[in-house]
Amino acid sequence: MTSDTGGHHIVGYGKLTLVWLALLLLTALTVLVTRVELGGYKVAGALAIACLKSGLVIAFFMHMKYEGRLLRWLLFVALTILAIFIGLTFFDVLYR
């Protein structure tokens, strides 16, 4: 049952375990990316993996996957604004 009907959604231990294993695999992949010589793409790769990991945590452990469309869009807008501000901070530090 989803929250659209006002009920609770219970995620099974099997699915949570799979997500946890995926998070562990992505963490190992992050460590591997830092060990490989990729130049400037090393940081971009690590950030992309971190975004994927945070998406998994938000979707399954914070139950956003089962929430209504409005709440998911509000979270997306908030995270986009946060990313814009972090990007602007990087530009400020880069061009000082």
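This passage looks at a pocket, a loop residue and a surface patch in a predicted model.

A good place to start is the largest pocket, whose volume comes to about 330 Å³. Its lining is made up of 13 residues, and those closest to the centre are Leu-47, Cys-51, Ser-54, Leu-79 and Ala-83. Two helices, α2 (41-61) and α3 (69-94), each supply at least two lining residues. Of the contributors, α3 gives the most, with seven residues in the lining. As for chemical character, the lining holds ten nonpolar residues and three polar ones, while charged residues are absent from it.

Next comes the loop between α2 and α3, which is where His-63 is found. This residue is a bit of an oddity to look at: His-63 has a positive phi, about 60°, even though it is not a glycine. With a relative accessible area of 31%, His-63 falls between the 20% and 50% cut-offs, so it counts as partly exposed.

Then there is the surface. A nonpolar patch is formed there by Trp-73, Phe-76, Val-77, Ile-81, Ile-84, Phe-85, Leu-88, Phe-91, Leu-94 and Tyr-95. Taken together, these residues have about 1,200 Å² of accessible area. One of them, Ile-81, is found in helix α3, the helix that also gives the most to the lining of the largest pocket. Ile-81 counts as partly exposed because its relative accessibility is 42%, which lies between 20% and 50%.

Note on methods
Residues are numbered from 1 along each chain as its sequence is written. This is a predicted model: local features need pLDDT of at least 70, side-chain atom pairs count only at pLDDT 80 or more; totals for chains, interfaces and linings use all residues. Side-chain values use heavy atoms; hydrogens and water are left out. On a 1 Å grid over the protein atoms alone, a cavity is a set of points where a 1.4 Å probe fits but cannot get out, and a pocket is an open set with protein on both sides within 12 Å along at least five of seven lines; lining residues have an atom within 4 Å of a point. Grid points are joined across faces, edges and corners, and a volume is the space filled by probe spheres set on the points. Helices (H or I, at least four residues) and strands (E, at least two) are DSSP runs, numbered from the N terminus. Ala, Val, Leu, Ile, Met, Phe, Trp, Tyr, Cys and Pro count as nonpolar, Asp, Glu, Lys and Arg as charged, and the others, Gly among them, as polar. Buried means under 20% relative accessible area, exposed over 50%, partly exposed in between (1.4 Å probe, protein chains only). Patches are made of residues with over 30% relative accessible area and no salt bridge: like charges are joined within 9 Å, nonpolar side chains (Val, Leu, Ile, Met, Phe, Trp, Tyr) within 5 Å. Accessible areas come from the Shrake-Rupley method with a 1.4 Å probe; for residues, only the protein chains shown count as cover. A salt bridge is a side-chain nitrogen of Lys or Arg within 4 Å of a carboxyl oxygen of Asp or Glu.
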